[in-house]
Amino acid sequence: MIFEYRKKVKYYETDMMGVVHHSNYIRWFEEARVEFMREADISYRRMEEEGIQVPVVSVSCKYKIPATFDDEITVRTSLKKYNGIVAELAYEVRRDADGALLVSGESSHCFVDKESFKPVSLKNARPDMHEKFMAVTEE
């Protein structure tokens, strides 16, 4: 499944050069990831209420073309790898007007117990959530 998250670049997201500050792309990855999971019926809120947290293990971003104020962009998100304990997502940020690839990136996350912060296997602990992740894993 590829989820598309659309937004318009805000003025405060740009820097003195008039382009989007590099840190905002990582924020957009997070916004898109939360909505991707919501679309897959896997809510961050529900996971946290049930004692599971999803910290970032790593994140990378390759900058190609800068976005600027008022650009309408789409963040395409897909789940590239999932094994019950770790989830890896891929992102592409494209400008809607011309489809230009602005940024690509990846993030890796693990599932941990909220109290102990030890890894949790959703396959064993939460088979219902595991099945939802399996359903959206890109083959």
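Let's start with cavities: the count comes to 1 cavity of 30 Å³ or more. A cavity here is a set of points on a 1 Å grid over the protein atoms alone, where a 1.4 Å probe fits but cannot get out. About 60 Å³ of space lies in the largest cavity, with volume taken as the space filled by probe spheres set on the points, and grid points joined across faces, edges and corners.

Before I go on, a word on the source: this is a predicted model, where local features need pLDDT of at least 70, side-chain atom pairs count only at pLDDT 80 or more, and totals for chains, interfaces and linings use all residues. Residues are numbered from 1 along each chain as its sequence is written, and side-chain values use heavy atoms, with hydrogens and water left out.

So, who lines the largest cavity? Among the lining residues, which have an atom within 4 Å of a point, are Arg-33, Tyr-44, Leu-79, His-109, Phe-111 and Phe-133. The element giving the most to this lining is α1, with 3 residues, and both α1 and β5 supply at least two. Helices (H or I, at least four residues) and strands (E, at least two) are DSSP runs, numbered from the N terminus.

Phe-111 comes up again in the largest nonpolar core, which has 34 residues; Phe-111 and Met-47 are those with the most contacts inside this core. By nonpolar core I mean buried Ala, Val, Leu, Ile, Met, Phe, Trp, Tyr and Cys residues joined through side-chain atoms within 4.5 Å, and buried means under 20% relative accessible area with a 1.4 Å probe, protein chains only. Elements supplying at least two core residues each include α1 (22–39), α2 (44–49), β5 (86–95) and α4 (127–136). The largest share, 6 residues, comes from α1.

Now the sheet. We have an open sheet of 5 strands in the order β1-β4-β5-β6-β3, paired antiparallel; pairing takes at least two DSSP bridges between two strands. At the edges sit β1 (2–8) and β3 (56–63), each pairing on one side only. Between β1 and β4 (residues 72–82) there are 7 bridges, and Glu-4 has Arg-76 as its bridge partner in β4.

Last stop, Gly-51, in the loop between α2 and β2 (52–53). What does Gly-51 touch, leaving out residues up to four places away in sequence? Val-112, Asp-113 and Lys-114, with contact meaning heavy atoms within 4.5 Å. The C-alpha atoms of Gly-51 and Ile-2 are separated by 27 Å, and these residues are 49 apart along the chain.

Notes. Buried < 20%, exposed > 50% of the residue type's maximum accessible area, 1.4 Å probe, protein only. 1 Å grid on protein atoms, 1.4 Å probe; cavity = no way out; pocket = protein on both sides within 12 Å on 5 of 7 lines; lining within 4 Å.
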